[in-house]
Amino acid sequence: MIEQARTFLWHNARTLEQRWFEHAFRGGSAEHVVQAVLAYRNDDGGYGYGLEPDHRGPTSQPLHALRALQMFGEVNAPEHAESILAWLTGTCPDGSVPFGMSTSKDHPKAPWVAADDEGGLLLTAQIAAALHALGAADPWLDKATGYCWQEIEKLENTHPYELRAAVMFLDEVPDRARAELAAEKLRHLKPSTEGYADGEGLELHIYAPKPSSLARAWFTDEEFGQDLDELQNGQQEDGGWNFAFPAFTPIVDFEWRSIATVDALLTLRRYGRIS
């Protein structure tokens, strides 16, 4: 399974995902992963140039900042969060992060990526989660954390990606007792899939990517075991995994499949399905 995935990545992945795979499964250098991420960094401290495949163009955007932080978390490189925190402080001073900024309006992006500067829980929760996972301490993160608590506690109508973002935040925020109470409330929400493409959705392991995830308690062992079976059997003949949302331009098909492939292997390893 791993060797077939490696072949897929050598054929199709960006340098970043190749380096990430090598670090995760072949003892590759963490610094090589960091350098691959830093290639997308802008002078303002943010990240651009399609680091997150659905947002093309050179301008610094929240989706790219999120992806950079997540990759720094994968290789335990918290020092590289500092420039992103400085960028967030300057561009999102109230602690609420938009899905996309108007600075990207002249560049290609997926049709579901906004460029309206309107902050929301979807990106704020994920970025705050990534920063907490890195052990960051910063006044901006304090604001973002307060905003996330406020929005999660009043959450009633939501969609799968926002629900996932909320539980990502709850998995990492330091106040564990409060997080567990909030997760218990969220388990009863029924996210709407109106407007989603046919077959698009989030599998159970997306909500609970590791055994310690709070969302793991939302599902029975039988349900989750079946989900992992489907993930394990989801490897394609070429060695890669697919992703469950549309590719808005041909190149992102291979970029997202490469990310999905490494993510699938890591999830299966965390749950003891592969060594």
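Helices and strands here are DSSP runs, numbered from the N terminus, with at least four residues for a helix and at least two for a strand. The model is predicted, and the exercises below refer to it.

**Exercise 1. Locate D117 and describe its backbone and its exposure.**

Solution.
Step 1. D117 is found in the loop between the strands β1 (97–98) and β2 (119–120).
Step 2. Most residues other than glycine have a negative phi. Phi of D117, by contrast, is positive, near 65 degrees, and D117 is a residue other than glycine.
Step 3. The relative accessible area of D117 is 42%. Partly exposed residues lie between the limits of 20% and 50%, so D117 is partly exposed.

**Exercise 2. Determine whether Y49 is buried or exposed, and describe its phi.**

Solution.
Step 1. Y49 lies in the loop between α3 and α4.
Step 2. Although Y49 is not a glycine, its phi is positive, at about 60 degrees.
Step 3. The relative accessibility of Y49 is 51%. Exposed means over 50%, and Y49 therefore counts as exposed.

**Exercise 3. Describe the packing of α1 against α12.**

Solution.
Step 1. Two packed helices are described by the angle between their axes and the distance between the axes. For helix α1 (residues 2–12) and α12, the angle is about 155 degrees and the axes are 10 Å apart.
Step 2. Angles over 145 degrees count as roughly antiparallel; α1 and α12 are therefore roughly antiparallel to each other.
Step 3. The crossing of these two helices, α1 and α12, is left-handed.
Step 4. From α1, the residues I2, A5, F8, L9 and N12 meet F254, R257, S258, T261, V262 and L265 of α12. By class, this contact of α1 with α12 has 7 nonpolar, 3 polar and 1 charged residues.

**Exercise 4. Identify the buried residues of α2, what covers them, and how α2 packs against α4.**

Solution.
Step 1. In helix α2 (residues 15–26), the buried residues are L16, E17, Q18, W20, F21, E22, A24 and F25.
Step 2. Their cover includes α1, α3 (30–38), α4 (62–74) and α12.
Step 3. α2 packs with α4 at an angle of about 25 degrees, and their axes are 11 Å apart. Angles under 35 degrees count as roughly parallel, so α2 and α4 are roughly parallel to each other. Their crossing is left-handed.
Step 4. L16, W20 and H23 of α2 meet R67, M71 and E74 of α4. This contact of α2 with α4 has 3 nonpolar, 1 polar and 2 charged residues.
Step 5. Just after α2 comes G27, with a positive phi of about 70 degrees.

**Exercise 5. Characterise the largest nonpolar core and follow L170 within its surroundings.**

Solution.
Step 1. In soluble globular proteins, nonpolar side chains tend to be buried together. The largest nonpolar core of this model has 88 residues, and W140 and L170 have the most contacts inside it. Helix α12 (residues 250–270) contributes the largest share of this core, 9 residues.
Step 2. Not counting residues up to four places away in sequence, L170 touches W149, I152, R176, A179, A182, A183, L186 and L214.
Step 3. α8 and helix α9 (residues 176–186) pack at an angle of about 155 degrees, with axes 8 Å apart. That makes α8 roughly antiparallel to α9, and their crossing is left-handed.
Step 4. The contact is made by L163, A166, L170, D171 and E172 of α8 with R176, A179, A182, A183 and L186 of α9. The residues of this contact of α8 with α9 divide into 7 nonpolar, no polar and 3 charged.

**Exercise 6. State where R164 and F248 lie and which residues each of them contacts.**

Solution.
Step 1. R164 lies in helix α8 (residues 160–172) and counts as partly exposed, at 21% relative accessibility.
Step 2. Apart from neighbours within four places in sequence, R164 is in contact with Q126, L202, I206 and Y207.
Step 3. F248 has its place in the loop between α11 (221–232) and α12. With a relative accessible area of 26%, F248 is partly exposed.
Step 4. Again leaving aside neighbours within four places in sequence, F248 is in contact with P53, D54, R56, K109, A110, P111 and W112.

How values were computed. Residues numbered from 1 in each chain as written. Predicted model: local features only at pLDDT ≥ 70, side-chain atom pairs only at ≥ 80, totals over all residues. Heavy atoms only, no water. Core = buried A, V, L, I, M, F, W, Y, C linked by side-chain atoms within 4.5 Å. Buried < 20%, exposed > 50% of the residue type's maximum accessible area, 1.4 Å probe, protein only. Contact = heavy atoms within 4.5 Å. Axes fitted to C-alpha atoms, helices over the stretch in contact; angles between N-to-C directions. Parallel < 35°, antiparallel > 145°, perpendicular 65-115°, else oblique. Left-handed = near helix turned anticlockwise from the far one by under 90°. Nonpolar A, V, L, I, M, F, W, Y, C, P; charged D, E, K, R; others polar.
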